[in-house]
Amino acid sequence: MVERRPLFRIFCHVILVLGIVSIALPVWVAVVATTHENSAFSTSTPLWFGDLGFSVFRDLLSNESTFNNSSLPITDMLFNSMIMALAITVGKLSISIMSAYAVVFFRFPGRMLAFWMIFFTLMLPVEVRIIPTFEIVTNLNMLNSFSGLTIPLIASATATFLFRQFFLTVPRELVEAARIDGAGPIRFFFDILLPLSRTNIAALFVITFIYGWNQYLWPLLITTDAQYYTIVMGIKQMLGVTDGIIEWNKIMATTIIAMLPPVIVVIAMQKAFVKGLVDSEK
Amino acid sequence: MSTVTLSNIAKAYPNGYQAVHKLNLDIQDGEMVVLVGPSGCGKSTLLRMIAGLEEITSGELTIDGSIVNHLEPGERDIAMVFQNYALYPHMTIYNNMAYGLRNRKTPKAEIHRLVTEAAEMLELSELLERKPKELSGGQKQRVAMGRAIVREPKVFLFDEPLSNLDAKLRVQMRLQIKKLQRRLGTTSIYVTHDQVEAMTLADKLVVLNKGNVEQVGRPIEIYDRPASVFVATFIGSPSMNIFDANIISQGVKLGNLLYKFNTQYLKIGGVKLGIRPEHLQVTKTNPWFEVEVELIEALGADLLVYCRTTGEHSQNLVVRVDGHSQFKLGDVIGLTTKLEHLHLFDATTSKRIHIENNVQPITEAIYA
């Protein structure tokens with residue numbers, strides 16, 4: 001139902017503006033905080049820019065200074081986060097697209113069993129299976145390594161399920177036309193199925209990248225070596241100061257830096273992302 | 001150039017459903033064979049078995065003398081045109097046509113030559129760089145045919161290729177397919193449920209029913225001498241009128257009517273009598289039977305008159321008459337026909353009773 005009464009429109013806009021303000025305010029505070037001396041935070045929370053400009057960012061990034069009890073420069077933490085997020089994303093997408101391909105296009109004994117087993121893991125979030133997973137990773141000697149950080153998070157029922165749903169909509173005739181054109185299963189996968197899944201892959205890439213980037217609990221559990229700290233963990237550790245002052249301006253600057261890669265990914269893939277969620281080209 | 005032979009081909013699904021019963025069919029080199037039948041008759045299954053998309057449960061399929069039962073579709077040297085075109089949506093028209101050739105490692109220059117030739121033949125040259133979604137239905141179907149032609153296959157398979165097109169386009173494409181097939185001389189198997197398509201395209205028509213072949217022959221043979229009640233009612237539109245009648249010693253008795261002729265070669269007893277709507281004539285003098293008009297459909301050139309015979313044992317029938325005849329609902333009209341237009345079928349097996357050579361002309365029809 002589309003209402004066209006002016007009062008109703010004003011009401012709608014007020015609601016929207018309130019929503020935007022409540023979402024944007026924390027970001028605004030964080031941005032503003034980076035431009036103040038640390039002493040400014042002892043009395044109140046500043047809501048307008050201070051006079052430091054970009055110098056806090058420059059300090060953080062240029063001289064690779066470590067501060068508080070974080071022992072790793074944030075550029076290194078960014079690098080770790082990037083590796084982790086990308087490895088999880090690429091791994092997740094390739095594993096799930098292949099398992100969906102197997103489940104949808106091939107008839108083999110135990111096919112439905114395999115599908116339902118994948119599907120059931122949907123119901124168990126990382127937090128629930130974290131202890132057994134941790135034990136396995138320990139036994140495999142993967143603590144404090146990138147493989148330990150990424151591999152356990154790669155298996156994904158959600159992505160498999162989404163790809164399965166998409167593959168089910170691919171017309172049977174297309175598969176048959178390809179078979180008559182002499183394309184085997186591998187050719188069909190790369191020449192036809194992958195190009196058709198383009199938008200779905202983009203949408204899942206965005207979602208999975210953010211998921212991987214924002215991982216907190218898992219890296220916290222399995223890394224004790226500062227060399228493998230990710231930026232999301234790093235922010236938390238900056239707060240854990242026992243004696244001394246919490247350097248809010250640097251923490252806020254780090255937060256903003258940590259926010260940037262997911263934002264860039266979303267903006268870059270926005271068009272394909274929306275298309276992948278809304279419609280499919282057939 | 002090639003022949004296709006089906007011997008004892010059968011298809012049973014794991015759930016026990018028998019889609020095609022032991023079926024034999026010989027397809028000559030360059031022949032256009034049309035498989036026709038109602039939905040569920042097994043015609044598509046049969047085509048898909050020939051294509052290699054469905055497994056053959058038993059029997060042998062040979063193309064050019066060699067058994068191909070266990071070859072992949074890509075290895076059988078066939079090409080198929082699908083009902084919904086099945087073009088690769090992300091590829092240009094050129095690539096759609098070239099894809100099969102590339103998979104067969106055809107040299108690039110050769111691919112280019114074949115695709116441009118086919119595109120010219122099908123008037124697609126302007127569209128080669130477009131994507132399928134920018135094309136109309138008719139153009140898409142031409143691309144699908146182009147994709148089949150460039151392969152220069154031994155056999156073309158068509159799976160109801162015109163069903164998704166509107167009526168006018170369907171007629172155009174039908175003619176184009178026929179011309180193309182003549183020109184290329186490629187053995188073709190064409191599946192349809194549309195009997196007009198079947199009649200016009202076929203060199204050899206195969207009528208299927210419930211997984212069995214009902215009749216094989218030239219279209220006009222099948223129209224003139226249908227082998228069973230099923231074929232008689234399936235081929236021809238509107239359907240042939242079928243009446244329950246009796247053969248008695250003097251002739252055939254239909255309701256209160258007796259068509260007198262020599263029945264010495266026929267079995268006495270129940271029989272089914274068929275007359276095509278176009279073979280009934282309205283007559284004022286000496287009608288064979290009288291009917292009451294119940295409904296009239298004007299088709300322009302023709303008029304379809306739905307009637308009911310008068311008297312007890314009344315039966316429904318259709319008559320096709322000239323489009324400008326004047327009838328009113330409720331009119332009682334007299335009908336007549338010629339002996340050669342009568343078809344007799346066995347009442348129990350529904351098979352044709354061949355009377356053509358051993359029956360003398362009807363001497364008279366009387367009320368009995």
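**Exercise 1. Work out whether B:Asn8 is buried or exposed in this predicted model.**

Step 1: Find the residue. B:Asn8 sits in strand S1 of chain B, which covers residues 4-12.

Step 2: Count what surrounds B:Asn8. There are 12 other C-beta atoms within 10 Å.

Step 3: Apply the cut-off. A residue is exposed if that count is 12 or fewer, so B:Asn8 is exposed.

Step 4: Look at the backbone too. B:Asn8 isn't a glycine, yet its phi is positive, about 55°. Most residues other than glycine have a negative phi.

**Exercise 2. Do the same job for B:Asp77: where does it lie, and how exposed is it?**

Step 1: B:Asp77 is in a loop of chain B, between strand S5 (66-67) and strand S6 (78-81).

Step 2: Here we go again with a positive phi in a non-glycine residue: about 60° for B:Asp77.

Step 3: B:Asp77 has 18 C-beta neighbours inside 10 Å, so it counts as partly exposed.

**Exercise 3. Find the residues joined by a cis peptide bond in chain B, and say where the proline of the pair lies.**

Step 1: The bond is the one between B:Ser237 and B:Pro238, with omega about -5°.

Step 2: B:Pro238 belongs to the loop that links helix H8 (229-234) with strand S11 (241-248) of chain B.

Step 3: Keep the usual case in mind. Most peptide bonds are trans.

**Exercise 4. Which strands pair with S1(B), and in what sense?**

Step 1: Take strand S2 (residues 18-27) of chain B. S1(B) and this strand run antiparallel and share 6 bridges. To see the pairing on screen, look for B:Lys11, which faces B:Val20 in S2(B).

Step 2: Check the turn. The hairpin made by S1(B) and S2(B) leaves 5 residues between the strands, and B:Gly16 has a positive phi near 95° there.

Step 3: Now take strand S4 (residues 58-63) of chain B. S1(B) pairs with this strand over 5 bridges, also in the antiparallel sense. Here B:Ala10 is opposite B:Ser58.

**Exercise 5. Sketch the overall build of chain B, then compare it with the stretch listed in its record.**

Step 1: Count the elements. Chain B has 8 helices and 21 strands.

Step 2: Get the dimensions. Along the principal axes, the C-alpha atoms of chain B fill a box of roughly 80 × 45 × 35 Å.

Step 3: Ask how much is inside. Of the 368 residues in chain B, 39% are buried.

Step 4: See how the chain meets itself. Taking contacts with a separation of 6 or more, 64% are between residues 24 or more positions apart.

Step 5: Turn to the record. An unreviewed UniProt entry lists residues 4-235 of chain B as "domain: ABC transporter". That stretch is 37% helix and 25% strand, and its end C-alpha atoms lie 25 Å apart.

**Exercise 6. Which residues touch the most other members of the largest nonpolar core, and which helix gives the most to it?**

Step 1: The core holds 148 residues, and B:Val34, B:Leu35 and B:Leu157 touch the most other members.

Step 2: Zoom in on B:Leu35. Beyond its neighbours within four places in sequence, its contacts include B:Leu46, B:Ile189, B:Val206 and B:Leu208.

Step 3: Find the top contributor. Helix H3 (residues 74-105) of chain A gives 10 residues to this core.

Step 4: Place the core in chain A. Domain 1 (6-62) and domain 2 (74-278) both supply residues, so the core lies between them.

**Exercise 7. Describe how the domains of chain A meet, and then how chain A meets chain B.**

Step 1: Start with the domains. The centres of domain 1 and domain 2 of chain A are 31 Å apart, taken over C-alpha atoms. In the contact, domain 1 puts in 11 residues and domain 2 puts in 12 residues.

Step 2: Look at the domain 1 side. H2(A) has the largest share, 4 residues. By class, this side has 8 nonpolar, 3 polar and no charged residues.

Step 3: Move on to the chains. 16 residues of chain A touch 18 residues of chain B. On the chain A side, helix H8 (172-180) and helix H9 (185-196) each give two or more residues, and H8(A) has the largest share with 6 residues.

Step 4: Sort the chain A side by class. You get 8 nonpolar, 1 polar and 7 charged residues.

Technical notes:
Residues are numbered from 1 along each chain as its sequence is written. Chains are lettered from A and ligands numbered from 1 in the order in which they are written. This is a predicted model: local features need pLDDT of at least 70, side-chain atom pairs count only at pLDDT 80 or more; totals for chains, interfaces and linings use all residues. Domain bounds come from an automatic or database domain assignment. Two residues are in contact if their C-beta atoms, placed from the backbone, lie within 7 Å. Ala, Val, Leu, Ile, Met, Phe, Trp, Tyr, Cys and Pro count as nonpolar, Asp, Glu, Lys and Arg as charged, and the others, Gly among them, as polar. UniProt positions are given in the numbering used here, feature names are shortened, and annotations may be inferred rather than shown by experiment. A residue is buried if 20 or more other C-beta atoms lie within 10 Å of its own, exposed if 12 or fewer, and partly exposed in between; C-beta atoms are placed from the backbone. A nonpolar core is a set of buried Ala, Val, Leu, Ile, Met, Phe, Trp, Tyr and Cys residues joined through C-beta atoms within 7 Å. Two strands pair if DSSP finds at least two bridges between them.
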